[in-house]
Amino acid sequence: MRVLGIDPGLVNTGWGVIVVNGSRLSHVANGVCKSGKGDLAVRLLALHDQLEAVIAEFAPDAAAVEQTFVNSNGAATLKLGQARGIAMLVPARAGLEVGEYAPNAIKKAVVGVGHADKAQIAHMVKLQLPGVMLSGPDSADALAIAICHAHHLQSASARERVVPAARKENVA
């Protein structure tokens, strides 16, 4: 299964694609969509078009996006929310289910602690995806989101295998 992780941002939206094969993860590609300068609508369209191109090229089976945190600057939070809307819309329009994860949950899944910094995230992504060449901190975060979603999918799959087996034992 191919998983696309998206780290939304208005200036830079990181993306990363991994392959999940059982408990094994491998890197496919990563990069950063840049919105440029100018009108907000044009910048959002640029992010939309670039994410569509990523999905067309790498054909993921699932996607995940980081949830927005609210900070003291309301205008900045609103703009981030609009970029996040694009990050959710594009994979949903492509027919993908989109998982959402809080920043602390992503950090905990990849680093082991919920308050890791960007350098720690990049280091752990490199350990979990040997040989990866990161396009930058935004793409490292996007790969961390994809890894978090892969772990979530694996644990959900394991639960599905255990629960039916337990039901069969109770029926007999």
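Visitor: Which residues does UniProt place under "active site" here?
Guide: Keep in mind that this is a predicted model. The feature comes from an unreviewed UniProt entry. The residues it names are Asp7, Glu66 and Asp138.

Visitor: What is the largest C-alpha distance among those active site residues?
Guide: Along the chain, Asp7, Glu66 and Asp138 are spread over 132 residues of sequence. In space, though, they cluster. The largest C-alpha distance comes to 11.4 Å.

Visitor: Which of these residues does the lining of the largest pocket include?
Guide: Let's start with the pocket itself, which has a volume of about 310 Å³. Its lining takes in the residues of the UniProt feature. They are Asp7, Glu66 and Asp138.

Visitor: Which residues of the lining lie nearest the centre of the largest pocket?
Guide: The lining is made up of 21 residues. By type, they divide into 10 nonpolar, four polar and seven charged. Nearest the centre lie Asp7, Glu66, Phe69, Lys118 and Asp141.

Visitor: Which element gives the most to the lining of the largest pocket?
Guide: The elements giving two or more residues to the lining are helix H2 (74-93), helix H3 (103-110), helix H4 (118-128) and H5. One of them gives the most, with four residues. That one is H5.

Visitor: Is Asp7 buried or exposed?
Guide: You'll find Asp7 in strand S1, residues 2-7. Its relative accessible area is 6%, and the cut-off for this class is under 20%. So Asp7 counts as buried.

Visitor: Which residues does Asp138 touch, not counting those up to four places away in sequence?
Guide: Look along helix H5, residues 137-171, to find Asp138. From the other side, the contacts of Asp7 include Glu66 and Asp138. The residues that Asp138 touches are Asp7, Asn12, Gly14, Val32 and Lys118.

Visitor: Which residue does UniProt list for "binding site"?
Guide: This label, too, comes from an unreviewed entry. The residue sits in strand S4, residues 62-66, and is also one of those under "active site". It is Glu66.

Visitor: What is the relative accessibility of Glu66?
Guide: Glu66 touches a number of residues farther off in sequence, among them Asp7, Arg84, Tyr101 and Ile145. It counts as buried, a class for values under 20%. For Glu66 the relative accessibility is 18%.

Visitor: Where is Arg84, and is it buried or exposed?
Guide: Arg84 has its place in helix H2. Its contacts include Pro8, Val65, Glu66 and Glu100. With a relative accessible area of 12%, Arg84 is buried.

Visitor: How do the elements of the protein run from the N terminus on?
Guide: Stepping back, there are five helices and five strands in the protein. Follow the chain from the N terminus and you can tick them off in turn. The order is β-β-β-α-β-α-β-α-α-α.

Visitor: What is the radius of gyration of the protein?
Guide: The C-alpha trace spans about 65 × 35 × 30 Å along its principal axes. For 172 residues the globule rule gives 16 Å, and the value for this protein is close to that, so it is as compact as a globular protein of that length. The radius of gyration is 17 Å.

Visitor: What share of the 172 residues counts as buried?
Guide: Residues 24 or more positions apart account for 59% of the contacts with a separation of 6 or more. To count as buried, a residue needs a relative accessible area under 20%. The share of residues that do is 41%.

Terms used:
Residues are numbered from 1 along each chain as its sequence is written. This is a predicted model: local features need pLDDT of at least 70, side-chain atom pairs count only at pLDDT 80 or more; totals for chains, interfaces and linings use all residues. Side-chain values use heavy atoms; hydrogens and water are left out. UniProt positions are given in the numbering used here, feature names are shortened, and annotations may be inferred rather than shown by experiment. On a 1 Å grid over the protein atoms alone, a cavity is a set of points where a 1.4 Å probe fits but cannot get out, and a pocket is an open set with protein on both sides within 12 Å along at least five of seven lines; lining residues have an atom within 4 Å of a point. Buried means under 20% relative accessible area, exposed over 50%, partly exposed in between (1.4 Å probe, protein chains only). Contact means heavy atoms within 4.5 Å. Grid points are joined across faces, edges and corners, and a volume is the space filled by probe spheres set on the points. Ala, Val, Leu, Ile, Met, Phe, Trp, Tyr, Cys and Pro count as nonpolar, Asp, Glu, Lys and Arg as charged, and the others, Gly among them, as polar. The radius of gyration is taken over C-alpha atoms; the globule rule is 2.2 Å times the number of residues to the power 0.38.
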